[in-house]
Amino acid sequence: MTDEIQLWSMGAEQVLTVLEPVSQLATEWQLEEMLVAHPELLESGIELVGRQTPAAGGWLDLLGVDADGRLVIYELKRGTLGREAVTQVLDYASFLSEMDSGALVEHINDRSGQGGIQSFDDFAAWYEDRFADTEHLYPLRMVLVGLGIDETALRLARFLSQGSLDVEVITFYGFRHGDETLIARQQPVQSEASVPRKISVLPIDERRRLLDQYLEQSGMADRFKAVRGAIRECLPTSVYEHPQKFGVSLQMDVRGSSGVRGPRPFFGVYAAYTSASAIEISLNSVTRRHNPEDYEVLAGRVPLVAWPNGGQAIVVDDDEQWERVKPAVTEFAAAVYKSWLGYRNTPMNHTADHQDTQ
């Protein structure tokens, strides 16, 4: 930026002393350490949930959940922000946006507790206590953080912020005052896409009641019950059924790379989610990753379509179609259960599960 921020100290006799600017912190890590210790410098109400987590194009500096429940990606630079910082944060955002909410929860769960960030036994449960369904993590926000920003990066960030992308810029300026370092914060870009959201937190019993009400009103309660029941019969009795607005996510415990056990979504059953009269069975990427041969057999027996939140799905338009695809679906679910028994207690890094091209 061509603008320059100056700071003065005025003594008791009204003598002004120009404070020496600190153009660059010793390392990017020092800036990161300051923000991890004091996340309120980023924004009020932010909860940091990840630090230096792997992505397709590198490492995400910081991940946070804002006061509205949205996931925020922070890209930090120890010096002036340039155009490479803009492309980097877009790359990271595209990587996380390709995950469905279940995969995103798994990504955060497996890497929590690192570098001073709080540890989660179950990030989904922590989130739902505050914001209800984890689908409220979307759409993602992107924030560039540095000690100043150059004209090119500022122009790009302003252009992106005027559209549908939620890109913001925060710049910090440091000044030496004796043995102290004073920090000033400026926000030259605040996204026009940022719209405050009100999220109601509903108890799980209430969500079940609303789902049952929705199924009755849609006229698909019987077919939904038949599909859900057939898949559940092929899975362990410990399967966790997570109710959502249009259906349920069927989750089984897996031990992540950190050694912490947590639920992972394997299947979803939804009513009229993308089609007004269809039941849709979503297949999460973990089912494909750990059962590639069975997945190929399934794809050869029933049509698969792209699922909006990632992965693929089977669309069941009526009862007759369900009877035709039921054998293939239940055989695949039984195969998924069998393979899960083999790896559920082995700590695993599931990053590759999220990098599959659908």
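# Exercises on a predicted model

The buried residues of helix α2 are A85, V86, V89, Y92, A93, F95 and L96. The model is a predicted one, and each exercise below is solved on it.

**Exercise 1. Which elements do the buried residues of α2 pack against, and how far apart are the end C-alpha atoms of this helix?**

Step 1. Place the helix. α2 covers residues 83-97, 15 residues in total.

Step 2. Work out the expected span. The rise is 1.5 Å a residue, counted over one less than the number of residues. For α2 that gives 21 Å.

Step 3. Compare with the model. The end C-alpha atoms of α2 lie 21 Å apart, so the span agrees with the expected one.

Step 4. Recall the helix geometry. An α-helix has 3.6 residues a turn, so residues three or four places apart point the same way.

Step 5. List the buried set again: A85, V86, V89, Y92, A93, F95 and L96.

Step 6. Find the neighbours. Four strands are among the packing partners of these buried residues: β4 (47-55), β5 (58-65), β6 (71-76) and β7 (141-146). The helices α3 (101-110) and α5 (151-161) also pack against them.

**Exercise 2. In which sense does β8 pair with β7, and in which sense with β9?**

Step 1. Take β7 and β8. They pair in the parallel sense, over five bridges. One bridge joins V143 to E168 in β8.

Step 2. Take β8 (residues 167-177) and β9 (residues 180-189). This pairing is antiparallel and runs over eight bridges.

Step 3. Check the register. V169 stands opposite V189 in β9. H177 faces E180 of β9.

Step 4. Look at the turn. The hairpin of β8 and β9 has two residues between the strands. There, G178 takes a positive phi near 65 degrees.

Step 5. Ask how well β8 is covered. Nine of its eleven residues are buried, so mostly covered is the verdict under the cut-off of under 20% relative accessible area.

**Exercise 3. Which residues form the nonpolar patch on the surface, and which strands supply them?**

Step 1. Name the members. They are W8, M10, L16 and V18.

Step 2. Add the area. Together these residues have about 460 Å² of accessible area.

Step 3. Assign the strands. β1 (8-10) and β2 (16-18) each supply at least two residues of the patch.

Step 4. Classify W8, which lies in β1. Its relative accessibility is 44%, so W8 counts as partly exposed.

**Exercise 4. Are S112 and D253 buried or partly exposed?**

Step 1. Locate S112. This residue sits in the loop between α3 and α4 (123-131).

Step 2. Apply the cut-off. Buried means under 20% relative accessible area. S112 has 8%, so S112 is buried.

Step 3. Note its contacts. Leaving aside residues up to four places away in sequence, S112 touches Q118, S119 and F120.

Step 4. Locate D253. It lies in strand β11 (residues 247-255). With 35% relative accessibility, D253 is partly exposed.

Step 5. Relate D253 to V239. The two are 14 residues apart in sequence, and their C-alpha atoms are 7.8 Å apart.

**Exercise 5. What percentage of the chain counts as buried, and how many helices and strands does the chain have?**

Step 1. Count the elements. The chain has ten helices and 15 strands.

Step 2. Read the burial. Of 358 residues, 50% count as buried.

Step 3. Read the surface. The accessible area is about 17,000 Å², and carbon and sulfur atoms hold 49% of it.

Step 4. Read the contacts. Among contacts with a separation of 6 or more, 63% join residues 24 or more positions apart.

Methods: Residues are numbered from 1 along each chain as its sequence is written. This is a predicted model: local features need pLDDT of at least 70, side-chain atom pairs count only at pLDDT 80 or more; totals for chains, interfaces and linings use all residues. Side-chain values use heavy atoms; hydrogens and water are left out. Two strands pair if DSSP finds at least two bridges between them. Patches are made of residues with over 30% relative accessible area and no salt bridge: like charges are joined within 9 Å, nonpolar side chains (Val, Leu, Ile, Met, Phe, Trp, Tyr) within 5 Å. Accessible areas come from the Shrake-Rupley method with a 1.4 Å probe; for residues, only the protein chains shown count as cover. A salt bridge is a side-chain nitrogen of Lys or Arg within 4 Å of a carboxyl oxygen of Asp or Glu. Buried means under 20% relative accessible area, exposed over 50%, partly exposed in between (1.4 Å probe, protein chains only). Contact means heavy atoms within 4.5 Å.
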